[in-house]
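Visitor: I am new to this structure. Please take me closely through one part of it and explain each term as it arises.

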Amino acid sequence: MDRNARIYVAGHRGLVGSAIVRKLTAEGYGNLLLRTSGELDLRDQAAVAAFFAAEQPDYVFLAAAKVGGIVANNTYPAEFIYDNLMIEANVIHSSYRTGVSKLLFLGSTCIYPKMASQPIREEYLLTGPLEPTNEAYAIAKIAGISLCRSYNRQYGTRFIAAMPTNLYGPNDNFDLEKSHVLPALIRKFHEAKIAGAPTVTVWGTGAPLREFIHVDDVADAALYLMRHHEGNDIVNIGSGEEISIRDLALLVKIVVGFEGELVFDASKPDGTPRKLSDVSRLHSLGWRHRIGLEDGVRETYEWFVGQGFPAETM
């Protein structure tokens, strides 16, 4: 990738997109094409086509998506499938129409079957039923993979796809209803600490196993894949390390400094029982994650407090 290449980062204000912008800027890429959702609605086919025709990007990082945790996915399934399908279809089609040199589509490891063997290899895609609570989102992301493969096959494009596992880091969504588990835990424990609450209640049993990767590692991997990966094989982006929700909650409790008790509400859904990605394909390409979970959570909490949340008792 030439340092002067015109690079469009779709979703540059989101968790992944903002990290990709930070990484590209640090690497000396200065010709970045950035539009907010207010400036360019990626669900609008005509608007997307006009943007691509006018700006003629050389490379595209497709990080724009409607995302959320169990509650949001369960509550707004129509929005999750419609918005994501439209975003992917419009950006990928316009990338083909305007001759984009290469595109990286970022999906999610929720595309894999709920009861997939662990760790989850890329070839397990479409081998069993999905987790019902985020099925709409997963199907949209699977469609994005198929779009990339189909355009590559029919038109000879260079559209690749990568599937990050659970992400966290600066610019995450800390809304308790719509966020993923780690930012939700950070906010819950922080607010309980400030309020002097005796307990913090966490959804589910605490038994599910999850893998987490810092978004700056994901951005580093995304740029690495753009430079070094070709073809239709999807690539998992993860740490290859897992932790139970119970142990994760205890880690966040320690980092935040909450001194009350931790309670699990077993009447609430756990979601997928275990989700660990097999990252051997990514390792074979020459990339490994660098940021450990405790260091990453501590850094993310510091960022969270720095956004103006109360910090009197830190």
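Guide: Helices (H or I, at least four residues) and strands (E, at least two) are DSSP runs, numbered from the N terminus. The model is a predicted one, in which local features need pLDDT of at least 70 and side-chain atom pairs count only at pLDDT 80 or more, while totals for chains, interfaces and linings use all residues. Residues are numbered from 1 along each chain as its sequence is written, and side-chain values use heavy atoms, with hydrogens and water left out.

Let us begin with one loop residue. Thr-109 lies in the loop between β4 (102-106) and α5. Its relative accessible area is 2%, so Thr-109 is buried (under 20% relative accessible area; exposed is over 50%, partly exposed in between, with a 1.4 Å probe and protein chains only). Leaving aside neighbours within four places in sequence, Thr-109 is in contact (heavy atoms within 4.5 Å) with Met-163, Pro-164, Thr-165, Asn-236, Lys-275 and Ser-277.

The helix α5 that follows this loop in the description spans residues 135-155 and packs with helix α4 (residues 77-97) at an angle of about 15 degrees, the axes being 8 Å apart. Axes are lines fitted to C-alpha atoms, for helices over the stretch in contact, and angles run from 0 to 180 degrees between N-to-C directions. The angle therefore makes α4 roughly parallel to α5 (under 35 degrees; over 145 is roughly antiparallel, 65 to 115 roughly perpendicular and the rest oblique). Among the residues of α4 that meet α5 are Phe-80, Leu-85 and Tyr-96, and the α5 side includes Leu-147, Tyr-151 and Tyr-155. By class, this contact has 16 nonpolar, three polar and two charged residues. Here Ala, Val, Leu, Ile, Met, Phe, Trp, Tyr, Cys and Pro count as nonpolar, Asp, Glu, Lys and Arg as charged, and the others, Gly among them, as polar.

Tyr-96, Tyr-151 and Tyr-155 also belong, with Phe-159, to one aromatic cluster. Rings of Phe, Tyr and Trp (its six-membered ring) pair if their centres lie within 6.5 Å; planes under 30 degrees apart count as stacked, over 60 as edge-to-face and the rest as tilted. The structure holds twelve aromatic pairs. In one of them, Tyr-8 and Phe-51 have ring centres 4.7 Å apart and planes at 55 degrees, so the pair is tilted. Tyr-8 is in strand β1 (residues 7-10) and Phe-51 in helix α2 (residues 45-55), 43 residues apart, and the pair thus links distant parts of the chain. Both Tyr-8 and Phe-51 are buried.
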